[in-house]
Structures are given as structure tokens and as C-alpha cells.
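Open the model in your viewer and keep the sequence panel visible. The stops below go from helix pairs to sheets and then to single residues.

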Amino acid sequence: MRITSALAAAAVLTLAAACGGGGGGSESSSSPNEPVKIDFLSLAWQKESVAANKQLVDEWNKANPNIQVTYVQGSWDNVNDQLVTQFAGGTAPDVIHNDSPALSGFASDGYLLDLKDKLPAELKSDIPQTAWDTVTFGDGKGGQGVYGVPFLQESQVIIANKKLLDEAKVRIPTADNPWTWDEFSEAAKKMTKGESYGVAWAMKSPVNKTLNLALNFGGTFFQTGADGKTTVKVGPEEREVLQRIHDQLYKDKSADPDALGQGTADPLPAFYKGKFALLPAGVYLRQQVVEQAPDGFEWVTLPAPKGTSAQQGAVSQTLSIAQESEHPDEAMKFISFFLNGANQAKLAKGDWLLPTSQKAAADPAMTTEENGWDVATASAKNLVVAPFLKVNGFDEWKSKVATPALQEYFANKITIDQVAAKLVEDGNKVLERYQR
């Protein structure tokens with residue numbers, strides 16, 4: 001999931017000092033008549049999202065004078081390093097905003113509270129099981145625990161130049177009838193004319209995009225044997241999306257080579273100028289198009305293509321409770337308020353992501369055609385738990401093995417057999433260290 005931000009690291013320099021609500025003992029020495037104090041670490045960073053977060057905290061504090069929540073601004077850039085320090089020092093915030101891949105390690109280390117028996121029925125039933133699966137991990141003792149409440153998710157969509165789409169006279173895909181990958185390739189070829197390309201793949205950070213889309217063909221990239229050991233797998237299913245993107249770049253020549261080394265938003269200026277027609281990206285990129293597109297530029301949101309299925313990998317943004325929190329029940333009451341259906345709709349609008357709440361997904365704000373919300377929200381039904389979420393050592397595999405190997409492959413410096421060998425052989429060496 002997007003889950004990197006441009007927020008300056010300076011925003012969290014005071015985090016350790018501010019987050020004293022965990023195990024520091026300040027509340028336990030206070031008068032019984034004083035309100036319970038809870039620290040809430042938020043990683044919201046976009047202007048609308050920060051405003052929505054702060055507004056909800058204010059609403060809670062006005063309605064609950066006996067349970068007062070302090071909003072603490074954090075950053076995606078260094079949150080996990082910061083939390084390691086805070087957990088070790090007993091200064092972790094009570095309520096912690098993070099993403100689901102980070103929860104497994106913290107849960108196995110005993111830093112997060114198992115919420116399984118604390119979840120209110122209304123909250124639990126409003127969020128589908130596929131979302132709960134993203135926050136359910138082993139507790140290190142043979143059991144399974146729920147270590148966060150999932151509330152925002154990202155899907156992959158295609159942002160399209162409407163004029164070039166119309167001129168090519170291709171079928172316009174819908175949420176109920178997306179393009180197949182073959183149709184997507186044909187459409188990209190039709191829209192490749194003169195100096196203009198059909199599609200741009202921004203692959204500076206290629207792992208999440210390709211792994212999530214690989215599920216279109218059942219590609220999981222990881223497998224767990226009868227001995228409980230996880231290894232990397234790159235078979236026919238995993239190769240499908242890799243090969244198809246590579247073909248667009250070097251066989252069909254329908255993909256803009258200039259975009260290849262760019263980050264997700266970097267191709268937008270060229271997109272506005274008509275250098276290419278289709279930009280596969282996370283749903284959140286729609287916000288920048290709305291804010292930056294020149295007057296008169298028409299664009300639409302299209303669903304991602306489908307293979308043998310339309311499934312994509314899901315990563316969730318989450319709220320967890322620190323194991324050391326002195327007020328877990330009050331923290332859960334706040335989370336239940338913060339993540340109810342109406343509030344999730346506000347948070348999703350602020351972050352341009354998808355709410356897990358079924359009530360929020362039915363909100364008219366989430367289903368309007370304006371800015372592609374209808375297509376974006378409909379894509380949530382295709383999200384399933386990302387296989388890599390359960391892999392201990394995935395982050396190192398991603399940064400040290402998969403990112404450089406996929407960059408080489410998409411730059412046409414190595415073959416698909418060579419990238420498969422790197423991902424498996426070098427990857428298994430990494431995973432082995434985590435399974436001893």
C-alpha cells in the first residue's frame with residue numbers, strides 16, 4: 001500500500017517525548033477525578049487527511065471528557081524505527097497508526113495487544129474477513145491473534161487520458177467488465193502513435209505493484225512447505241505479469257521507456273501533455289491529478305486489467321494498541337469511534353484510499369463518478385490478503401533482492417529466467433536467516 005510519505009522527518013523529532021501514554025506511569029499517579037489520557041500516533045500526511053484525523057480527535061474529546069486523546073503527528077518515513085525505540089523504552093503511544101506488513105514483527109515480539117477478544121461486534125461485522133486477514137498473525141505461541149483494526153486499503157487502477165482513449169475507439173472497461181490483460185495490451189498498442197505511447201509504467205519501486213497485480217494470475221511469489229518453512233516461488237503464474245509488462249516495453253513498444261525509472265507521480269507532467277494515454281497506479285494518485293491537471297484536461301479512472309481473476313493483493317492501514325498501554329479498554333473505545341462507518345468515509349476521502357468499512361463503502365461520497373470514486377471503491381471487492389504479508393523477512397527480500405532484480409529486468413538488462421533465479425536463490429538466502 002502507499003504507504004510512503006513526503007512528510008518531513010522533522011515532524012517526528014518530538015515523538016518520543018510526546019508519546020508518554022504507554023507505560024510511563026503518568027496516568028497511574030494522577031487523581032481518580034482526572035481524565036484518562038491516551039496518546040494517538042497518526043501517520044496521516046496529506047492536508048485533507050490530517051484535517052480529518054484532527055477533526056475526529058476533537059469530536060471525541062468534546063464528547064468524552066473522561067477519556068482525552070492527544071493527537072501525535074508521526075511519519076511513514078521512520079515510524080517503525082521510532083516504534084522500536086519507544087517499545088524498548090516503555091514510551092510507546094497507546095494507539096498506533098501503521099500498515100499491516102509492519103504488525104507481524106511487532107506482534108511476535110510481544111509489543112502489540114491481541115485485540116481478538118476486545119473488538120466490539122458492530123466494528124467487527126462492518127469490516128470484511130478479507131480485511132481482518134491482513135492483521136491476523138501468529139502470536140509466537142502457536143495461536144493466532146488480531147493485532148490491529150484495518151481501515152484503509154489501496155488498489156491498483158489505471159488513470160487514463162479521456163481524449164486519447166476516445167480517439168483510439170477502444171472498449172472502455174468498467175468495474176464489472178474490466179479489460180483482460182490481452183485487451184489492455186491491444187488498447188496500449190492502438191494508442192501508441194507518433195510521439196505518444198499507450199502506457200507508462202513507473203517502476204522506480206516495482207515490488208508492491210508487480211506482486212499485487214501478479215495475483216491476477218494466481219502468482220503468490222512465496223510458498224510454505226509441510227515443514228513450515230517459507231521459500232520464494234517464481235513459476236508460470238508469477239511470470240505472467242512480469243512478462244506482459246516487459247512485452248509492452250520491448251516487444252510492442254507501447255510503453256514509454258522514459259517513465260521506467262520514475263516514481264509513481266513523476267510521469268504526471270508528461271501525462272498531461274499527452275505523451276502517453278494510460279498510467280497504472282494506486283488509487284491515491286487521483287488526488288494529485290485533481291490538484292495538478294491543467295484546465296480542460298479530461299481524465300477517467302479505469303479498473304486494473306484481469307487475468308484468470310481480478311484479484312489484487314491487499315495491504316491495510318491499521319490502528320493497534322500497545323501491549324504496555326495502561327488504558328486498553330479506553331483505547332479500543334476511541335478506535336471504535338474513530339473507525340465507524342461515517343468516520344471511515346471521511347478518512348478515505350482525505351487519503352484518497354478505500355475504506356474497509358462496508359457502511360463507509362456505501363456512502364454516496366464513495367460511489368460518485370466524480371474523480372473516479374465509483375471505480376476506485378468497486379475495486380475493493382477484488383482485494384485479498386497479500387501473500388507476502390505473512391512472510392518473515394519480506395522487507396529485506398524486497399529491498400535487497402526484489403527491487404534491484406526487478407529494476408534490472410524491466411530495464412532489459414537480464415532475462416526473465418535470470419530475474420526468476422535472482423528472486424528465488426538470493427531471496428531464499430534472506431528468508432533462511434529469519435527461519436532458523
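**First stop: two helix pairs**

Helix α9 passes helix α10 in a right-handed crossing. The model shown here is a predicted one. To find the pair, select residues 207-214 for α9 and residues 236-250 for α10. The two helices pack at an angle of about 125°, and their axes are 8 Å apart. An angle between 115 and 145 degrees counts as oblique, so α9 and α10 are oblique to each other.

Now show side chains at this contact. On the α9 side, select T210, L213 and A214; on the α10 side, the residues they meet are E237, V241, L242 and I245. By class, the residues of this contact are five nonpolar, one polar and one charged.

Move on to residues 47-63, helix α2, and residues 328-338, helix α13. Their axes come within 10 Å and cross at roughly 125°. This pair, α2 and α13, is therefore oblique as well, and its crossing is right-handed. Which residues make the contact? From α2 they are N53, L56, V57, E59 and W60, and from α13 they are K333, F334, F337 and F338. The contact of α2 with α13 counts six nonpolar, one polar and two charged residues. Keep α13 selected, as it returns at the next stop.

**Second stop: the six-stranded sheet**

Colour the strands in the order β2-β1-β3-β14-β6-β15; these six make an open sheet with mixed pairing. Which strands stand at the edges? They are β2 (67-73) and β15 (354-355), and each has a single partner strand, so one side of each is left without a neighbour in the sheet.

At the β15 edge, select β6, residues 149-153: two bridges join β6 to β15, and the two strands run antiparallel. L152 stands opposite P355 in β15.

Next, bring in the helices that lie on this sheet. Helix α3 (residues 79-89) packs on the sheet and touches β1 (36-42) and β3 (95-99), its direction making about 145° with that of β3. Helix α13 also packs on the sheet, in contact with β1, β2, β3, β6 and β14 (316-321); its direction makes about 150° with that of β14.

Finish at the other edge, strand β2. Seven bridges pair β1 with β2 in the parallel sense. Select F40 and Y71 to see one bridge pair, with Y71 being the partner in β2. Although β2 is an edge strand, five of its seven residues are buried.

**Third stop: the four-stranded sheet**

Hide the previous sheet and show β8-β11-β7-β12, an open sheet of four strands with mixed pairing. Here the edges are β8 (197-199) and β12 (299-303); each has a single partner strand, so one side of each has no neighbour in the sheet. On average, neighbouring strands of this sheet are turned by 25° against each other, direction ignored.

At the β8 edge, strand β11 (residues 276-282) runs parallel to β8, joined to it by two bridges. Select Y197 and look for F276 of β11 opposite. Then add helix α8, residues 181-190, which lies across β7 (156-161), β8 and β11 and runs at about 155° to β8.

**Fourth stop: three single residues**

Select E48, which sits in helix α2. At 38% relative accessibility, E48 counts as partly exposed. Leaving aside residues up to four places away in sequence, E48 touches Q287, E291, K349, G350 and W352. Of these, G350 is 302 residues from E48 along the chain, yet the two C-alpha atoms are separated by 4.6 Å.

Most residues other than glycine have a negative phi. The next two selections have a positive one. F221, in the loop between α9 and β9 (222-224), has phi near 70°. K253, in the loop between α10 and α11 (268-272), has phi near 55°.

Is each of these two buried or exposed? F221 is buried, at 1% relative accessibility, whereas K253 is exposed, with a relative accessible area of 52%.

Definitions and conventions
Residues numbered from 1 in each chain as written. Predicted model: local features only at pLDDT ≥ 70, side-chain atom pairs only at ≥ 80, totals over all residues. Heavy atoms only, no water. Axes fitted to C-alpha atoms, helices over the stretch in contact; angles between N-to-C directions. Parallel < 35°, antiparallel > 145°, perpendicular 65-115°, else oblique. Left-handed = near helix turned anticlockwise from the far one by under 90°. Contact = heavy atoms within 4.5 Å. Nonpolar A, V, L, I, M, F, W, Y, C, P; charged D, E, K, R; others polar. Pairing = 2+ DSSP bridges. Buried < 20%, exposed > 50% of the residue type's maximum accessible area, 1.4 Å probe, protein only.
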